[in-house]
Amino acid sequence: MNTHPLHEKAKVIVKNYLSREAELISILQEIESERVYLNLGYGSMAKYAIAGLGLPENQAYMLIGVARKCSQVPELKVAIETGELSANTAKKMLPAIQKGNAREWIERAKVLPQKELEREVARLNPDKGFREIVKPISENIIDFRVGLSDEDLSLLTRCRDLLAQKERKHVSWAETIGHLAKSFVKHEDPVAKAKRSESRLLVARPAKQGTRYIPAVLKHQMNLRDRGECQFKTPRGPKCAASRWLEVHHIRPLSYGGRHELENLITLCSAHHTAAHGFKRDYVRKALWGGAS
C-alpha cells in the first residue's frame, strides 16, 4: 500500500488525539464524582466544561454524556481507551447501550457507518433518536428544531390559531413561539414579577421571624438584586450565575440566629445550595457567610 510522510504524521496525531480524548473523559468522571466543579464556583458540569475548560458547547455536552455513560457501562470506557471507539461514535449510541448489551453495540459501532448506527439507535429508541438543534444561521435568525408529541403540536396549533384571530392576520410558527415565550416570562419570571412590584417594595412589612416563610415582597427585593442568577462565588473563581434550579438560601442559617432580611438572603442554584448546607469544608462557609460554623 502506498504511503506518505504526511499521512504517517496524521496517523500519529490522530492516535494521540484519541488517547487524550480518553484521558479527558476519565478526568471528567473524577471531577463530577468529587464535585470539583462546585468547589470552583460552577453550578454544573456543563458550565464548568464550557466556561472553565473552554470547550465548545457541543463538544462539552458530548464528552460529559459519554463520561457519564462510561461510569454506568465500564466496557464502553475500555473500548474508548483501547481505541476501538472514538468518543463521538460512543455518543451516537448512548441511548441504546447498557451493561447487558455493551459488547453487542460496540461491535456494531465498529462496522456500521455513522448514519446507519444512528438509524439503528433511533429504531430501538424512537423517542431519543431526534437531536434538538439551536444554531445561528444569520445575525438575528436561529435555526431552532425540536421534536413534539402530537398533543403538544395540537396545543401549539391552537395557540397559533388564537394569535391569528387576535391579530386578525396570518402568523408564523416563529411569531407564535415568540408570543408564548414573552407571555410566559411576563407571568412566570420572578425577576419580571419583582419589577412589576417595585413600586410597592419600599413599604414592605417586616418579615415575621421564627417561621421559615419568607414574604413575597422580600423575595421580590432579592430577585431584583440577584437578577435571577446563582450568586455563589469562590474567593478567586467566577460567579456561578446559573439561571436554572434556583433556591433561596439564608446566608447565616436560621439555626445560627439568621433572620428573614434582605442582607441575609441570597439566590443559589440547587447544587450550590446543597453544597452550602452539606460540604464540611471551611471555604464554603467562608465564601457564603464569613466562616461561622
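**View A. The buried residues of helix α1 pack against α2 (36–39), α3 (45–52), α4 (57–72), α5 (74–81) and α6 (87–92).** This is a predicted model, where local features need pLDDT of at least 70 and side-chain atom pairs count only at pLDDT 80 or more, while totals for chains, interfaces and linings use all residues. Residues are numbered from 1 along each chain as its sequence is written, and side-chain values use heavy atoms, leaving out hydrogens and water. Who are the buried residues of α1? They're Glu21, Ala22, Ile25, Ser26, Leu28, Gln29 and Ile31. "Buried" means under 20% relative accessible area, "exposed" means over 50%, and "partly exposed" is in between (1.4 Å probe, protein chains only). A contact here means heavy atoms within 4.5 Å. Helices (H or I, at least four residues) and strands (E, at least two) are DSSP runs, numbered from the N terminus.

**View B. Here's helix α1 from end to end, residues 5–33.** With 29 residues at 1.5 Å each, α1 should span 42 Å, and its end C-alpha atoms are indeed 42 Å apart, so the two agree. (The expected span is 1.5 Å times one less than the number of residues.) Just past α1 comes Arg35, with a positive phi of about 55°.

**View C. Two tyrosines, Tyr42 and Tyr48, make an aromatic pair.** A search of the whole structure turns up one aromatic pair. In that pair, Tyr42 and Tyr48 meet edge-to-face, 5.7 Å centre to centre with 65° between the planes. The rule: rings of Phe, Tyr and Trp (its six-membered ring) pair if their centres lie within 6.5 Å, and planes under 30 degrees apart are stacked, over 60 edge-to-face and the rest tilted. Both Tyr42 and Tyr48 are buried.

**View D. Helix α7 (residues 102–111) has its own set of buried residues.** They are Ala102, Trp105, Ile106 and Ala109. Look down the axis of α7 and these buried residues fall within an arc of 105°, so they line one face of the helix. (The arc is that of the directions from the helix axis to the C-beta atoms.) Why can residues that aren't next-door neighbours share a face? An α-helix has 3.6 residues a turn, so residues three or four places apart point the same way. Covering the buried residues of α7 are, among others, α5, α6 and α8 (114–124). Trp105 has a further partner: the charged end of Arg108 sits over its ring, 4.4 Å from the centre. That label needs NZ of Lys or CZ of Arg within 6 Å of the ring centre and within 35 degrees of the ring normal.

**View E. Strands β1 (residues 133–136) and β2 (residues 142–145) run antiparallel.** How many bridges join β1 to β2? Four bridges do, and two strands pair if DSSP finds at least two bridges between them. Ile133 has Arg145 as its bridge partner in β2, and Val134 stands opposite Phe144. A hairpin of five residues links β1 to β2.

**View F. Helix α9 (residues 150–167) has 18 residues.** At 1.5 Å a residue α9 should span 26 Å, which agrees with the 26 Å between its end C-alpha atoms. Leu156, Arg160 and Leu163 are buried in α9. They cover an arc of only 65° around the axis, which puts them on the same side of α9. On the other side, Asp150, Glu151, Leu155 and Gln165 are exposed. Part of the cover over the buried residues of α9 includes α10 (173–188). Arg160 also has its charged end over the ring of Trp173, 4.4 Å from the ring's centre. Leu162 is in α9 too, and it counts as partly exposed because its relative accessibility is 44%. Leu162 and Thr176 are 14 residues apart in sequence and 9.5 Å apart in space, C-alpha to C-alpha. After α9 comes Arg168, whose phi is positive, near 60°.

**View G. His220 sits in helix α12 (residues 216–226).** Is His220 buried or exposed? It's buried, because its relative accessible area is 15%. His220 and Lys193 are 27 residues apart in sequence, yet 7.2 Å apart in space, C-alpha to C-alpha.

How values were computed
Arc of directions from axis to C-beta.
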